[in-house]
Amino acid sequence: MSRVLVVDDHPMTLELLSARLEAMGLEVDLATTGKAALQRVAVNQPDLILLDVMMPEMDGFEVTRRLKSDPATAGVKVVLLTALGSSEDEIAGRSAGADGYLRKPFQKQELRELVERMLDH
């Protein structure tokens, strides 16, 4: 069973994503900060991270840079989730090392297809 870490500082987003991913048969772990996400990855590495960009303390771009610069976690797929809609933001995410980018609000099918593609299902 594939494991997905969902990182977002909004409880409703965590709840929604968790329910949708579990319905896909995935094991889901949750974190509400970038720091907590890095700690969870160090203990139990997921197959995929769905990571909010705009969070207090450490944004998703910084979390992605840290994950991708560490050889132990560089191979973990990271998809940035954000309400930021400009192409510059998407370029910044890819420059940080993100494997994918999903704009909020997103459709259920859009999430499913992206997750399946990232997990090669």
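Which residue stands opposite arginine 3 in β2? In this predicted model, the residue facing arginine 3 from β2 is glutamate 27. This pair is a handy place to start, since it belongs to the parallel pairing of β1 with β2 (residues 27-31), which are joined by 5 bridges. Between the two strands the chain passes through α1, and the resulting β-α-β crossover is right-handed.

Stepping back to the whole sheet, the strands are arranged in the order β2-β1-β3-β4-β5, giving an open sheet of 5 strands with parallel pairing. At the edges stand β2 and β5, each with a single partner strand, so one side of each has no neighbour in the sheet. From one strand to the next, the twist averages 20 degrees.

Helix α1 (residues 11-23) offers a residue to look at closely, serine 18. The relative accessibility of serine 18 is 11%, and the cut-off for buried is under 20%, so serine 18 counts as buried. Apart from its neighbours within four places in sequence, serine 18 is in contact with Val28 and Leu30.

At the other end of the strand order, β4 and β5 run parallel and are joined by 4 bridges. Here valine 79 has glycine 100, in β5, as its bridge partner. Helix α4 (residues 87-96) packs on the sheet and touches both β4 and β5, its direction making about 145 degrees with that of β5. Another helix, α3, lies across β3 and β4 and runs at about 175 degrees to β4.

Helix α4 has two contrasting sides. Its residues Asp89, Gly93 and Ala96 are buried. These residues cover an arc of only 65 degrees around the axis, which means that they sit on the same side of α4. The covering over the buried residues of α4 includes α3, β4 and β5. On the face turned away from that buried side, the exposed residues Glu88, Ile91 and Ser95 are found. Just after α4 comes glycine 97, with a positive phi of about 115 degrees.

Helix α5 (108-119) can be read in a similar way. With 12 residues, α5 reaches 17 Å from its first C-alpha to its last, close to the 16 Å expected at 1.5 Å a residue. Buried in α5 are Leu111, Leu114, Val115, Met118 and Leu119. Seen down the helix axis, the buried residues of α5 fall within an arc of 125 degrees, so they line one face of the helix. Their packing partners are β1 (3-7), α1, β3, β4 (77-82) and β5. Just after α5, aspartate 120 takes a positive phi of about 55 degrees.

The loops hold some backbone details worth finding in the structure. Proline 105 is placed in the loop between β5 (100-103) and α5, and the peptide bond leading from lysine 104 to proline 105 is cis, with omega near -5 degrees. In the loop between β3 (48-52) and α3 (60-69) lies glutamate 57. Although glutamate 57 is not a glycine, its phi is positive, at about 70 degrees. Is glutamate 57 buried or exposed? Its relative accessibility is 79%, and because the cut-off for exposed is over 50%, glutamate 57 counts as exposed.

Terms used. Residues are numbered from 1 along each chain as its sequence is written. This is a predicted model: local features need pLDDT of at least 70, side-chain atom pairs count only at pLDDT 80 or more; totals for chains, interfaces and linings use all residues. Side-chain values use heavy atoms; hydrogens and water are left out. Buried means under 20% relative accessible area, exposed over 50%, partly exposed in between (1.4 Å probe, protein chains only). Contact means heavy atoms within 4.5 Å. The expected span of a helix is 1.5 Å times one less than its number of residues. The arc is that of the directions from the helix axis to the C-beta atoms. Two strands pair if DSSP finds at least two bridges between them. A crossover is right-handed if, with the strands pointing away from the viewer, the path from the first strand over the helix to the second runs clockwise. Axes are lines fitted to C-alpha atoms, for helices over the stretch in contact, and angles run from 0 to 180 degrees between N-to-C directions.
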